[in-house]
Amino acid sequence: MADVSSDRLLNEVLARDAALLTETVREAGALALSLFRTELKNWTKGASSPVSEADIAVNDLIEKHLRSATPEYGWLSEESADDEARLGKPLVWIVDPIDGTRGYLAGREDWCVSVALVEGTSPVLAAVFAPASDEFFFAMRGQGAACNNVAIHARSGTALDFSRVAGPKPLVERLSTSSDEIVLHPRIGSLALRLCRVAEGRLDAAFAGGQSRDWDLAAANLIVQEADGNMTALSGDAIPYNRREVTHGVLVAAGRDRHARIVEHFRNRPLP
């Protein structure tokens, strides 16, 4: 009985937080869009990661909205200093204010705002908003996934049409049994948006090379899962979030049967 009460309480919390998340991410997307294709200060963080004053402004807006409403939750964002207090929190917001900053600064439209709520190590709420194309992806654990309030589903089947596969070409080429040149889907700068294209059935599969972070993945992961897809490490292992180490290795997302075929392929032919 205690578990039933606990689940009911969590569902009530998630319903409240779903409304908060939707409102916040829409407002954040509107701010990012208002600054899109304007003169922005930008600089390089780390070895080669671009960041702009738009990233910071959007991050500040999201943080103000979410942390003031849920002060007891943890926080992990690409554009905030990491506070390991999050590791002791049952619920944690994981945020990428602008995923695809390089494309955003270049004036391309393949960028988005990506926010997930994680319970333990698994996402339970997710929103990915691509304002330039007005696509709002949303998922709640156990409730399915939608884009602009219309249910979405990953493509069924196991066949691989490489023109509907996105990701690093040297990696995808390892799936091919032919020596012929393969032609992949054009590159999508935002990893979160690339993965959501699997969830809505526009792509058969998508890969992420190594070095993706929690904030690139968490929201899209839930959206794929709730859209009848699967997204895991290449080994088939689930992707854990909100751990001390937030960097992940090679990942794949696809409809469930196709995903199983791809994972099996790489089990038999592991990467060097």
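In this predicted model, phenylalanine 207 and phenylalanine 266 are both buried. Their rings make an aromatic pair of the edge-to-face kind, with 6.3 Å from centre to centre and 75° between the planes. The two partners come from distant parts of the chain, 59 residues apart: phenylalanine 207 belongs to strand 11 (residues 205-208), while phenylalanine 266 belongs to helix 7 (residues 256-268).

That contact has company, as the structure holds 6 aromatic pairs in total. Take phenylalanine 129 and phenylalanine 136: their ring centres lie 5.4 Å apart and the planes meet at 55°, so this pair counts as tilted. Phenylalanine 129 and phenylalanine 136 are buried too. Elsewhere, Phe36, Tyr104 and Trp111 come together as one aromatic cluster.

Arginine 26 turns up at both rings of the tilted pair. Its charged end sits over the ring of phenylalanine 129, 5.4 Å from the centre. Arginine 26 also lies over the face of phenylalanine 136, this time at 4.2 Å from the ring centre.

Now for the pockets. The largest one has a volume of about 720 Å³. It is lined by 27 residues, and those closest to its centre are Ser49, Asp99, Arg102, Gly189 and Asp216. Several elements each put two or more residues into this lining: strand 2 (49-52), strand 4 (91-99), helix 3 (101-105), helix 5 (191-199), strand 12 (212-213) and helix 6 (214-226). Sorted by class, the lining of the largest pocket comes out as 11 polar, 10 charged and 6 nonpolar residues.

The second largest pocket holds about 200 Å³ of space. Of the 14 residues around it, Ser122, Pro123, Asn221, Ala238 and Ile239 are the closest to its centre. At least two lining residues apiece come from strand 6 (122-130), helix 6 and strand 13 (229-233). Helix 6 is the top contributor here, with 4 residues. By class, the lining of the second largest pocket splits into 6 nonpolar, 6 polar and 2 charged residues.

Helix 6 thus appears on both lists: two or more of its residues help line the largest pocket, and helix 6 gives the most to the lining of the second largest pocket.

Key: Residues numbered from 1 in each chain as written. Predicted model: local features only at pLDDT ≥ 70, side-chain atom pairs only at ≥ 80, totals over all residues. Heavy atoms only, no water. Phe/Tyr/Trp six-rings, centres within 6.5 Å; stacked < 30°, edge-to-face > 60°. Buried < 20%, exposed > 50% of the residue type's maximum accessible area, 1.4 Å probe, protein only. Lys NZ or Arg CZ within 6 Å of the ring centre and 35° of its normal. 1 Å grid on protein atoms, 1.4 Å probe; cavity = no way out; pocket = protein on both sides within 12 Å on 5 of 7 lines; lining within 4 Å. Points joined across faces, edges and corners; volume = space filled by probe spheres on them. Nonpolar A, V, L, I, M, F, W, Y, C, P; charged D, E, K, R; others polar.
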